[in-house]
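Grab a pencil and keep the viewer open. Here are a few exercises on reading a fold, each with a worked solution.

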Amino acid sequence: MLEASIRLLDSGTADFQQRLTELLSVEAAADAALGERVADIIARVRDGGDETLLELTRQFDRWQPQKVSDLQIDAAQLEDAMLAISPQQAAALQHAAQRIRHYHQQQLQSSWQFSESDGTVLGQKITPLQRVGLYVPGGKALYPSSVLMNALPAQVAGVEQIVMVVPTPEGEVSPILLAAAHIAGVDCIYRIGGAQAIAALAYGTATLPKVDKIVGPGNQYVAEAKRQVYGRVGLDMLAGPSEILIICDGQTDPRWIAMDLFSQAEHDEMAQSILLCPDADYLARVHAAIAELLPEMERRDVIEQSLARRGALIKVRDLAEAVALANRIAPEHLELSVADPTVLLDDTRNAGAIFMGRHTPEALGDYCAGSNHVLPTGGSARFASPLGVYDFQKRSSIIHCSPAGARALAQTASVLARAEGLTAHARSAEFRSTGDDS
């Protein structure tokens, strides 16, 4: 049996807090050279437009588009993609899309107003974004589920146009990505990737429209480009490595838990998989299950490195301490693999998504449970939320003062404005109160 390498920690030891801090830390030293390369690409696309996109696509994606129209994918290609995938894949995409759409329809917000006794009206107007850009990885990483998760909430929100960009290395177009885009209602698709695609979405070109917000995962160049264009356009989030934290009472099949840990570890070598349990014997059984199952995994090398670098099996005093640690860690995915997960739910404050009970593996949330799999990472679940319909809608305040309401509010506004030394503000309010323009 393979001896799997993973940290074994105990919350009762004197050095636990230090070791936990080391476990959670991620080397995030800024790569100045990467930032400069991305800044150069953004500037070139901003100034050179379509011709620069053609040039960079030839250079980085290793195929030879001759004209800008070669970068576009038309409706006929999307319909062909539906025929190119298997019936099982088509059915799975349709089923997942139906569930994702239904879940996100519950998030829709409505505009509202209320009237005060003097006739003043206050309210909020909800407006969908006009145009959103969706970045989709291509090449080795193919995530049709991400197409559904990013595009469907935008569609439910009422976004007028969803623009998708996807790199096509060696000129190869993935039918299942195009099929997912077709099902999710993507309006137009361009065969570009990397920092140049983010720049094109942020600044627009003669062919590719400028968007209001960019969503979707990508490599380090994409992440850095998103960071640099933020403020010119909105962003979903700057995501880090995938994470799973499992709280278990020691009664779930250890093989199930081992595989749940693998489900995030297989993403990349920096993904994090942690198990918290008060039963030391159970942790040993999970460790043995990891060693038993690891050799049969297709992405064994990645899983092994991930578990060795950032994985841990942690013995805690009890489930209450496990929840407290989970709130400190604020994981992307939290599994409550216990007899009654509802008992732990009220005290659970910080998690991107919470998977309740023994029969709810995180993998179901990634694909078809219905909730969104675009989640905050790196502890940002302390203040951030999953991607949703609300990310594709904006809110405008509505203020409509009656004459009587203006007179009443002007007195308060005048006092506060003069206290701040902003006399034009004060007089603007006072004019509505007295009608005196002297």
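**Exercise 1: strands around β12**

Work out which strands pair with β12, and in which sense.

Step 1. Strand β1 (residues 7-10) and strand β12 (residues 312-315) run parallel and are joined by four bridges. Strands here are DSSP runs of E, at least two residues long, while helices are runs of H or I of at least four, all numbered from the N terminus. Two strands count as paired if DSSP finds at least two bridges between them.

Step 2. For a single pair to click on, take Leu9, whose bridge partner in β12 is Ile314.

Step 3. Now look at β11 (residues 272-277), which also runs parallel to β12 with four bridges. Here Ile274 sits opposite Ala312 of β12.

Before moving on, a word on the ground rules. This is a predicted model, where local features need pLDDT of at least 70 and side-chain atom pairs count only at pLDDT 80 or more, while totals for chains, interfaces and linings use all residues. Residues are numbered from 1 along each chain as its sequence is written, and side-chain values use heavy atoms, with hydrogens and water left out.

**Exercise 2: the six-strand sheet**

Trace the strand order of the open sheet, then find what packs on it.

Step 1. The order is β2-β7-β6-β5-β8-β9, with mixed pairing. The edges are β2 (72-73) and β9 (234-235); each has a single partner strand, so one side of each has no neighbour in the sheet.

Step 2. Inside that order, β5 (residues 131-135) pairs with β8 (residues 213-215) in the parallel sense over three bridges. Leu134 stands opposite Val215 in β8.

Step 3. Add the helices. α7 (residues 194-203) packs on the sheet and touches β5, β6 (161-165) and β8, a contact being heavy atoms within 4.5 Å. The direction of α7 makes about 175° with that of β5; axes are lines fitted to C-alpha atoms (for helices, over the stretch in contact), and angles run from 0 to 180 degrees between N-to-C directions. Helix α8 (residues 220-229) packs on the sheet too, touching β5, β8 and β9, at about 160° to the direction of β8.

**Exercise 3: the whole protein**

How many helices and strands are there, and what share of the residues is buried?

Step 1. Count the elements: 16 helices and 15 strands.

Step 2. Of the 438 residues, 49% count as buried, meaning under 20% relative accessible area with a 1.4 Å probe, protein chains only.

Step 3. For overall extent, the C-alpha trace spans about 90 × 60 × 45 Å along its principal axes.

Key: Buried < 20%, exposed > 50% of the residue type's maximum accessible area, 1.4 Å probe, protein only.
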